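Colleague: Could we go through the charged pairs and the nonpolar packing of this chain, one point at a time?

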Amino acid sequence: MDILKTIHDIGIVPVVAIDDAKQIVDLCKALEKGGLPAAEITFRTAAGREAIAIAAKECPNILVGAGTVITVEQCKAAIESGAKFIVSPGYFDDVVNYCVENSIPVLPGCTNASDCMKAVNAGLKIVKFFPAEACGGVSFIKNLAPVFGQLNFMPTGGVNTKNMMDYLGYDRIHACGGTWMVKKDLINDAKWDEIESICADAVKNMLGLKIKHVGINCENEEEASKIAKQFCTILGFDYKAGNSSIFAGTAIECNKTIGRGKNGHIGMACNDLDRTVYHLGRMGVEFDMENAKYDDNGKLKTVYFKDEFGGFAIHLMK
């Protein structure tokens, strides 16, 4: 497993401070059901190490990491307990060096140019930005990131459902860390359903799925033109002819030939294609990756579902 890639695809990493390690299994189940199968379990509480060990053993579908790691001893304890990645609130040379030497994914806290320089020199690609909102939020990151083209950031601290897309909408944000779905009162009161609901809402907002257009299969250009003009006349849409299809407005595409899907296709837009493929894949959706298209940077640009829905092929796009 590429740990850092998985963190990106999950998109939001719950940051857990837990007082009773026995609650960690129920918490992880709620996170998984809500669509966020990850937990950065912190050393802020005495139960941290035990919770990491239990989660790593009992919750195989959860990506378990250790947070608030400030010493090499804590780092070793976390890895021995089953943590797959290490997160620190600041840049600690000993912790970073130990992780790099032992090929352990590590995200140290970097909130200034000096920290970022150290991260680059250590060969890191991803760093934590903490506390994000208090340190200037995404606007500060946008000023810092261009200087360090090698680094992407995982902001944590003050991130919530309302502002997370301000962060995730910037292409230098690898993922976000969050506590709002795992607040102590929710955990202590065993409000697993509420935690699941908050996670599901966060995933929905993060993916941002919406119908972009509907493509109608036509026998030829003449039929495509006729149907497009009907939509334009009735609904006042603009008529726009292309090489392979004719659009009525932006939402109706009339294909000049029979394309994918018995009746046509539905184009779905999303905020991040790789992330959406990951999350829909967890729900059992299969994709036609053999015919997927990528941009010049190797990022996924468009991909079809393997199955049709109501005679329509479904494809995702950013």
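Colleague: With which residue does E80 form a salt bridge?

Modeller: Bearing in mind that this is a predicted model, the closest N and O atoms of the pair are 3.5 Å apart, which falls within the 4 Å allowed for a salt bridge. E80 belongs to helix 4 (residues 72-81), and its partner, 31 residues apart from it, belongs to helix 3 (residues 48-58). The residue that pairs with E80 is R49.

Colleague: Is E80 buried or exposed?

Modeller: The cut-off for exposed is a relative accessible area over 50%, and E80 has 63% relative accessibility. Its partner R49, with a relative accessible area of 38%, is partly exposed. E80 itself therefore counts as exposed.

Colleague: Which residue meets the side chain of E221 in a salt bridge?

Modeller: The N to O distance in this pair is 3.6 Å. E221 lies in helix 11 (residues 221-235), while the partner sits in the loop between strand 12 (252-255) and strand 13 (264-269), so the bridge ties together parts that are 35 residues apart in sequence. The side chain that E221 meets is that of K256.

Colleague: Is K256 buried or exposed?

Modeller: Buried requires a relative accessible area under 20%, and K256 has 13% relative accessibility, whereas E221 is partly exposed, with a relative accessible area of 48%. K256 therefore counts as buried.

Colleague: How many residues apart in sequence are the parts that K306 and E286 tie together?

Modeller: K306 and E286 form a salt bridge, their closest N and O atoms being 3.9 Å apart. K306 lies in the loop between strand 15 (300-304) and strand 16 (312-317), and E286 in the loop between helix 12 (273-282) and strand 14 (293-294). K306 counts as exposed at 51% relative accessibility, and E286 as partly exposed at 48%. The parts that this pair ties together are separated in sequence by 20 residues.

Colleague: Turning to the nonpolar packing, which helix gives the largest share of the largest nonpolar core?

Modeller: This core has 77 residues, and those touching the most other members are V16, I24, L27, I41, I86, F153 and I195. Beyond its neighbours within four places in sequence, I195 is in contact with L27, A30, L31, M181, L186 and I187. The largest share of the core, 7 residues, comes from helix 10 (residues 192-207).

Colleague: How many residues make up the other core that lies apart from it?

Modeller: In soluble globular proteins, nonpolar side chains tend to be buried together. Here another core lies apart from the largest one, with I266, M268, V303 and F305 among its members, and its residues number 13.

Methods
Residues are numbered from 1 along each chain as its sequence is written. This is a predicted model: local features need pLDDT of at least 70, side-chain atom pairs count only at pLDDT 80 or more; totals for chains, interfaces and linings use all residues. Side-chain values use heavy atoms; hydrogens and water are left out. Helices (H or I, at least four residues) and strands (E, at least two) are DSSP runs, numbered from the N terminus. Buried means under 20% relative accessible area, exposed over 50%, partly exposed in between (1.4 Å probe, protein chains only). A nonpolar core is a set of buried Ala, Val, Leu, Ile, Met, Phe, Trp, Tyr and Cys residues joined through side-chain atoms within 4.5 Å. Contact means heavy atoms within 4.5 Å.
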